[in-house]
Amino acid sequence: MALVQLKYKGSSEIVGSDEVGLLLLTTLDESLQLTIVCERDMIRQFILRESHQVPTDRFLPEVLWHVISGLTESQFQIIISSVHDGQYTVILYHNDSLMTVPVRASDAVLLSMVSHIPILIEEKLLKGQAVPYHQEAKGVPIPINVLSKEMLQKALDRAIAEENYEEASHLRDELRRRNESAK
């Protein structure tokens, strides 16, 4: 399994949505970008840490990492391995014990920010999910397979209302695929 290292590049709110935001990861050379959809509250956690206006050393992620890193010299990795039902499958991997712990993608990125644990993604998955990174880009493309069913349905309704039937067809097909795989 070939792995590629990613780094956190930034966060963004989605215009017109009060519920979700985006985390942007890039390859180390910044040639490709991967977008993770997350709750807006999680975006606030990233903004707090990036702004340095509020001390975060007593926040739970920082405190827990301080305790863990004080107890072991072992190394960890965060590995993104697949996409299932609109969510990336992510594990926290302990190099010495080989223990794996599932973790939500947005929480894993926050943990990486706090602890400097490397984020890795399977190369094949990256090739299917990533798009070229452009620092000056005005928008961020999001792969359809990482949207929740609710987001897909809203996008489908909007595409139909805007008479964008090609996009509506793709969204409908993704919803059907997920519903069939859930049976």
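Helix α2 gives the second largest pocket the largest share of its lining, 5 residues. The structure is a predicted model, and this pocket is a convenient place to enter it. The volume of the second largest pocket is about 310 Å³. Its lining has 13 residues, and those closest to the centre are Pro 61, Leu 64, Leu 92, Asp 107 and Leu 111. Three elements supply at least two lining residues each: α2 (60–71), β6 (100–102) and α3 (105–115). By chemical class, the lining of this pocket consists of 12 nonpolar residues and 1 charged residue, with no polar residue.

The pocket belongs to a protein with 6 helices and 8 strands. Read from the N terminus, the order of the elements is β-β-β-α-α-β-β-β-α-β-α-β-α-α. The radius of gyration is 18 Å, close to the 16 Å that the globule rule gives for 183 residues, so the protein is as compact as a globular protein of that length. The C-alpha trace spans about 55 × 40 × 35 Å along its principal axes. Of the 183 residues, 36% are buried. Among contacts with a separation of 6 or more, 52% are between residues 24 or more positions apart.

Helix α3, one of the elements in the pocket lining, is mostly covered, with 8 of its 11 residues buried. The buried residues in α3 are Ala 105, Ser 106, Ala 108, Val 109, Leu 110, Ser 112, Val 114 and Ser 115. After α3 comes His 116, which has a positive phi, near 65°. His 116 lies in the loop between α3 and β7 (119–122). Is His 116 buried or exposed? With a relative accessible area of 68%, His 116 counts as exposed because the cut-off for that class is over 50%.

A second histidine also has a positive phi. Most residues other than glycine have a negative phi. His 52 is not a glycine, yet its phi is positive, about 60°. This residue is found in the loop between α1 and α2. His 52 has a relative accessible area of 68%, and therefore counts as exposed.

The next topic is charge pairing. How many salt bridges does a search of the whole structure find? The search finds 7 salt bridges. In one of them, the side chains of Glu 62 and Arg 49 meet at 2.6 Å, N to O. This pair links distant parts of the chain, with Glu 62 in helix α2 and Arg 49 in helix α1 (residues 40–51), 13 residues apart. Helix α2 thus appears both in the pocket lining and in this salt bridge. Are the two partners buried or exposed? Glu 62 has a relative accessible area of 14%, and Arg 49 has 7%. Both values are under 20%, so Glu 62 and Arg 49 are buried.

Another salt bridge joins the side chains of Glu 39 and Arg 104, at 3.1 Å from N to O. Here too the pair links distant parts of the chain: Glu 39 is in strand β3, Arg 104 is in the loop between β6 and α3, and they are 65 residues apart. Glu 39 has 37% relative accessibility and so counts as partly exposed. Arg 104 is partly exposed as well, its relative accessible area being 38%.

Lys 7 and Glu 30 form a further salt bridge through their side chains, with an N to O distance of 2.9 Å. Lys 7 is in strand β1 (residues 3–13), while Glu 30 is in the loop between β2 (20–27) and β3 (32–39); the two residues are 23 apart and link distant parts of the chain. At 27% relative accessibility, Lys 7 counts as partly exposed. Glu 30 is also partly exposed, with a relative accessible area of 23%. Which residues are joined into one network by salt bridges that share partners? They are Lys 7, Lys 9 and Glu 30.

Key. Residues numbered from 1 in each chain as written. Predicted model: local features only at pLDDT ≥ 70, side-chain atom pairs only at ≥ 80, totals over all residues. Heavy atoms only, no water. 1 Å grid on protein atoms, 1.4 Å probe; cavity = no way out; pocket = protein on both sides within 12 Å on 5 of 7 lines; lining within 4 Å. Points joined across faces, edges and corners; volume = space filled by probe spheres on them. Helix = DSSP H or I, 4+ residues; strand = E, 2+ residues; numbered from the N terminus. Nonpolar A, V, L, I, M, F, W, Y, C, P; charged D, E, K, R; others polar. Salt bridge = Lys/Arg side-chain N within 4 Å of Asp/Glu carboxyl O. Buried < 20%, exposed > 50% of the residue type's maximum accessible area, 1.4 Å probe, protein only. Rg over C-alpha atoms; globule rule 2.2 N^0.38 Å. Contact = heavy atoms within 4.5 Å.
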